[in-house]
Amino acid sequence: MCAAFGIGRFAYTPLLPEMMNSYGWSFAQAGDVASANFLGYMAGALLAPVMANSPKARTWMLLSLIASVLTTYLGAEVTGFWGWVGLRFAAGVASALCMIILTTHLMQTLTRQGTNHLGNIHIAGVGAGILMCMGVVYLSVDVAGQWARLGVLAGMLMALSWLLLNRQLWNLTQIDGADGADVADVANVANVANVAKGEKAKLWPLTIGYGFLGFGYVVAATFVVAMG
């Protein structure tokens, strides 16, 4: 969560003023790049349940971790507007896949162990990642150097995450085994298709409310650093 969300998704906000100055973006262009990221996040959120229930869920998780790191580091190489639109879209997809697939399996693992309260530490990773982004912003390097440092930091955190996943969360023979075993039992939290009809009806008010929440914080959070 620290690398994929705190850095991969939210690094754009504190770096936005310097990016606008460096690349000559207007507020409209900066908003378009931010919107591409949120569109990618929505696409990833819709794809994640399918991938979480796939016999290759472990492989998808690894690819998502790698993609999140790459899309962060490539911020040091991309300078064109359309390049940034594509890059932030890909970063949004990767962030959503990392968050949903990992959180689903982690929370079910904690539930089986009777340690649900530790999920709070997992979610706190978002805030830790944002603090790391702010620390990098205050370093006296250009915007490309800041993205490069964040990419390296994200890579280190992702490598640690993957080691912990292999040791504690994944049963290799069930998830990536040759027999293609069913993983619905460990990923059914992410599988909306398994939710009863009555429960599905409750999802729409929650989805709409969460949409308004997203609109309310995204507009302010993205541009607050550029206001003044």
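How much space lies in the second largest pocket? About 650 Å³. That pocket is one feature of a predicted model. This report starts with the fold, then returns to the open and closed spaces.

**Fold and confidence**

The protein has 10 helices and 0 strands. Along the sequence, the pattern reads α-α-α-α-α-α-α-α-α-α. There are 228 residues, and 44% of them are buried. Among contacts with a separation of 6 or more, 81% link residues 24 or more positions apart.

How confident is the prediction? The mean pLDDT is 82. A value of 70 or more is reached by 85% of the residues. Residues 172-187 have a pLDDT below 50. Even so, the model gives this stretch 34 contacts beyond near neighbours in sequence. Where pLDDT is low, predicted coordinates should not be read in detail.

**The second largest pocket**

Back to the space of about 650 Å³. The second largest pocket is lined by 25 residues. Closest to its centre are Leu 102, Leu 106, His 122, Ser 161 and Leu 164. Five helices give two or more residues each to the lining: H1 (2-7), H4 (57-73), H5 (81-113), H6 (119-137) and H7 (143-169). Helix H7 gives the largest share, with 8 residues. By class, the lining holds 19 nonpolar and 6 polar residues, and no charged ones.

**The cavity**

The model has 1 cavity of 30 Å³ or more. Its volume is about 90 Å³. Which residues line this largest cavity? They are Arg 9, Phe 10, Tyr 12, Thr 13, Ala 34, Asn 37, Phe 38, Arg 88, Tyr 217, Ala 221 and Thr 222. At least two lining residues come from each of helix H2 (12-23), helix H3 (27-52) and helix H10 (197-223). In this lining, 6 residues are nonpolar, 3 are polar and 2 are charged.

**Nonpolar cores**

In soluble globular proteins, nonpolar side chains tend to be buried together. Here the largest nonpolar core has 43 residues. Which of them touch the most other members? Tyr 12, Met 19, Trp 25, Met 61, Trp 84 and Trp 147 do. Helices H1, H2, H3, H4, H5, H6 and H7 each give two or more residues to this core. The largest share, 9 residues, comes from H5. Apart from this core lies another, of 6 residues. Met 1, Phe 10, Tyr 41 and Val 126 are among its members.

Tyr 12 belongs to the largest core and also lines the largest cavity. Setting aside neighbours within four places in sequence, Tyr 12 is in contact with Met 19, Trp 25, Ala 30, Val 33, Ala 34, Arg 88, Trp 147 and Thr 222. Of these partners, Ala 34, Arg 88 and Thr 222 are also found in the cavity lining.

**Two partly exposed residues**

Val 137 sits in helix H6, and Phe 27 sits in helix H3. Is Val 137 buried or partly exposed? Val 137 counts as partly exposed because its relative accessibility is 22%. Phe 27 is at 47% relative accessibility, so this residue is partly exposed too. Beyond neighbours within four places in sequence, Val 137 is in contact with Pro 14, Leu 15 and Gln 146.

The table pairs each residue with a partner and gives their separations.

| Pair | Apart in sequence | C-alpha to C-alpha |
|---|---|---|
| Val 137 and Pro 14 | 123 residues | 6.9 Å |
| Phe 27 and Leu 16 | 11 residues | 9.9 Å |

**In brief**

This predicted model is a protein of 10 helices. Its largest nonpolar core has 43 residues, with H5 giving the largest share. Its second largest pocket is lined most by H7, and its largest cavity has a volume of about 90 Å³.

Key
Residues are numbered from 1 along each chain as its sequence is written. This is a predicted model: local features need pLDDT of at least 70, side-chain atom pairs count only at pLDDT 80 or more; totals for chains, interfaces and linings use all residues. Side-chain values use heavy atoms; hydrogens and water are left out. On a 1 Å grid over the protein atoms alone, a cavity is a set of points where a 1.4 Å probe fits but cannot get out, and a pocket is an open set with protein on both sides within 12 Å along at least five of seven lines; lining residues have an atom within 4 Å of a point. Grid points are joined across faces, edges and corners, and a volume is the space filled by probe spheres set on the points. Helices (H or I, at least four residues) and strands (E, at least two) are DSSP runs, numbered from the N terminus. Ala, Val, Leu, Ile, Met, Phe, Trp, Tyr, Cys and Pro count as nonpolar, Asp, Glu, Lys and Arg as charged, and the others, Gly among them, as polar. pLDDT is the predictor's confidence in each residue, from 0 to 100. Contact means heavy atoms within 4.5 Å. A nonpolar core is a set of buried Ala, Val, Leu, Ile, Met, Phe, Trp, Tyr and Cys residues joined through side-chain atoms within 4.5 Å. Buried means under 20% relative accessible area, exposed over 50%, partly exposed in between (1.4 Å probe, protein chains only).
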